[in-house]
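Biologist: I've got a model open and I'd like to learn how to read it. Could you walk me through it, one feature at a time?

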Amino acid sequence: MAKSTTLKSSIAKKVAMALSGLFLMLFLAQHFFINFTSVFSPDTFNSISHFMGNNPLVQFVIQPILIVGVIFHFIMGFLLDFKNRAARPVSYVKYDGASNSSWASRNMIISGSVVLAFLGLHFYDFWFPEMVYKYVAVNPLEPTRYFHELAEKFESPIRTGIYCLSFLLLSLHLWHGFNSSFQSVGFNNKFSKSLHKLGYAFAIIIPFGFIFIALFHHFNN
């Protein structure tokens, strides 16, 4: 009975982490779309950013849900990783992980930790200054300021390099995490193969798209 309860608890944690991960991927895709407009139309980027930055639904409902989702996803990841390690207290005499699993799948906790640190920096870099600008300093609205602020973030080669490295690790995290998420929620049918291909495409296009945006603004500064 205790073993059955433990198993159900572990499965519930995996499903919860998978669902939160899929939710965060939707946010990532939306965030990429907005940032990508800055490459070809500063005015469009300013308009969308101004709308998102001054919409009460986005500011006081969606953003808090996003923050909670990020924290929840990574807490579940750490708990599951700790549980898996605790379940195997004695290390294998010889373990060749590369023979039956990818680096991404064996090091999700490492890539996830780096991505979490980057997200914290991202919130500190963009979200907190935005909150201070609007609600602490109570500055007047400037609908055209967003493009300049974005481009300014990528002037430093060090900052741009760290940003790109973080998205490389995010790509590895997504490479394994996307398909793992659907396995966790029991999605296994005739569409699974196509879904796996979609997951791999997402893990490449979105992170490398962010890298392209960063490099574009860096070299155009």
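Modeller: Happy to. Keep in mind that this is a predicted model. Let's begin with one contact: the backbone nitrogen of Leu57 lies 2.8 Å from a polar atom of the side chain of Asn55.

Biologist: Where along the chain is Asn55 found?

Modeller: Asn55 is found in the loop between helices α2 and α3, the latter covering residues 56-86.

Biologist: And is Asn55 buried or exposed?

Modeller: The cut-off to remember is that buried means under 20% relative accessible area. Asn55 has a relative accessible area of 16%, so it is buried.

Biologist: Is there another contact of a side chain with the backbone that I can look at?

Modeller: Try Ser166, which lies in helix α7, residues 157-184. A polar atom of the Ser166 side chain lies 2.9 Å from the backbone oxygen of Ile162. Ser166 counts as buried because its relative accessibility is 7%.

Biologist: Let me step back. How many helices and strands does the chain have?

Modeller: There are eight helices and zero strands. Read from the N terminus, the order of elements is α-α-α-α-α-α-α-α. As for burial, 38% of the 221 residues of the chain count as buried.

Biologist: How do I read a single helix, say α2?

Modeller: Start with its length, then ask which residues are buried. Helix α2 covers residues 42-53, which makes 12 residues. From first C-alpha to last, α2 reaches 16 Å, close to the 16 Å expected at 1.5 Å a residue.

Biologist: Which residues of α2 are buried?

Modeller: They are Phe45, Asn46, Ser49 and Gly53. These residues cover an arc of only 100 degrees around the axis, so they sit on the same side of α2.

Biologist: Can I read α6 that way too?

Modeller: Yes. Helix α6 takes in residues 146-153, and its buried residues are Tyr146, Leu150 and Ala151. Their arc around the axis is only 125 degrees, which puts them on the same side of α6.

Biologist: What about charges? How many salt bridges does a search of the whole structure find?

Modeller: The general idea is that side chains of opposite charge can pair when their charged atoms come close. Here, the search finds one salt bridge. The side chains of Glu149 and Arg145 meet in it, at 3.0 Å from N to O.

Biologist: Are Glu149 and Arg145 buried, or partly exposed?

Modeller: One of each. Glu149 counts as partly exposed, at 28% relative accessibility. Arg145 counts as buried, at 8%.

Biologist: Now the surface. Which residues form the nonpolar patch?

Modeller: For a patch, look for nonpolar side chains that are accessible and neighbour one another. This one is formed by Phe23, Leu57, Phe60, Val61, Ile62, Ile65, Val132, Tyr135 and Val136. Together they have about 850 Å² of accessible area.

Biologist: Which elements give two or more residues to the patch?

Modeller: Those are α3 and α5, with α5 covering residues 108-136. The most comes from α3, with five residues. Val132, in helix α5, is partly exposed, with a relative accessible area of 43%.

Biologist: Is a charged residue in α5, such as Lys134, buried or exposed?

Modeller: Lys134 also has its place in helix α5. With a relative accessible area of 9%, Lys134 is buried.

Biologist: How do I tell where distant parts of the sequence meet in space?

Modeller: Set separation along the sequence against the C-alpha to C-alpha distance. Lys134 is a good start: Lys134 and Asn54 are 80 residues apart in sequence and 9.2 Å apart in space.

Biologist: Can you give me a case that involves α7?

Modeller: Take Pro157, which lies in helix α7. Pro157 and Leu215 are 58 residues apart in sequence, with 9.3 Å between their C-alpha atoms. For Phe219 and Pro157, 62 residues apart along the chain, the C-alpha separation is 9.4 Å. Phe219 lies in helix α8, residues 192-220.

Biologist: Are Pro157 and Phe219 buried or exposed?

Modeller: Pro157 is exposed, with a relative accessible area of 57%. Phe219 is exposed as well, with a value of 67%.

Notes. Residues numbered from 1 in each chain as written. Predicted model: local features only at pLDDT ≥ 70, side-chain atom pairs only at ≥ 80, totals over all residues. Heavy atoms only, no water. Helix = DSSP H or I, 4+ residues; strand = E, 2+ residues; numbered from the N terminus. Expected span 1.5 Å × (residues − 1). Buried < 20%, exposed > 50% of the residue type's maximum accessible area, 1.4 Å probe, protein only. Arc of directions from axis to C-beta. Polar contact = N/O pair within 3.5 Å; in protein donor to acceptor, adjacent residues only side chain to side chain. Patch = residues over 30% accessible without salt bridge, like charges linked within 9 Å, V, L, I, M, F, W, Y side chains within 5 Å. Areas by Shrake-Rupley, 256 points an atom, 1.4 Å probe, with all protein chains shown as cover. Salt bridge = Lys/Arg side-chain N within 4 Å of Asp/Glu carboxyl O.
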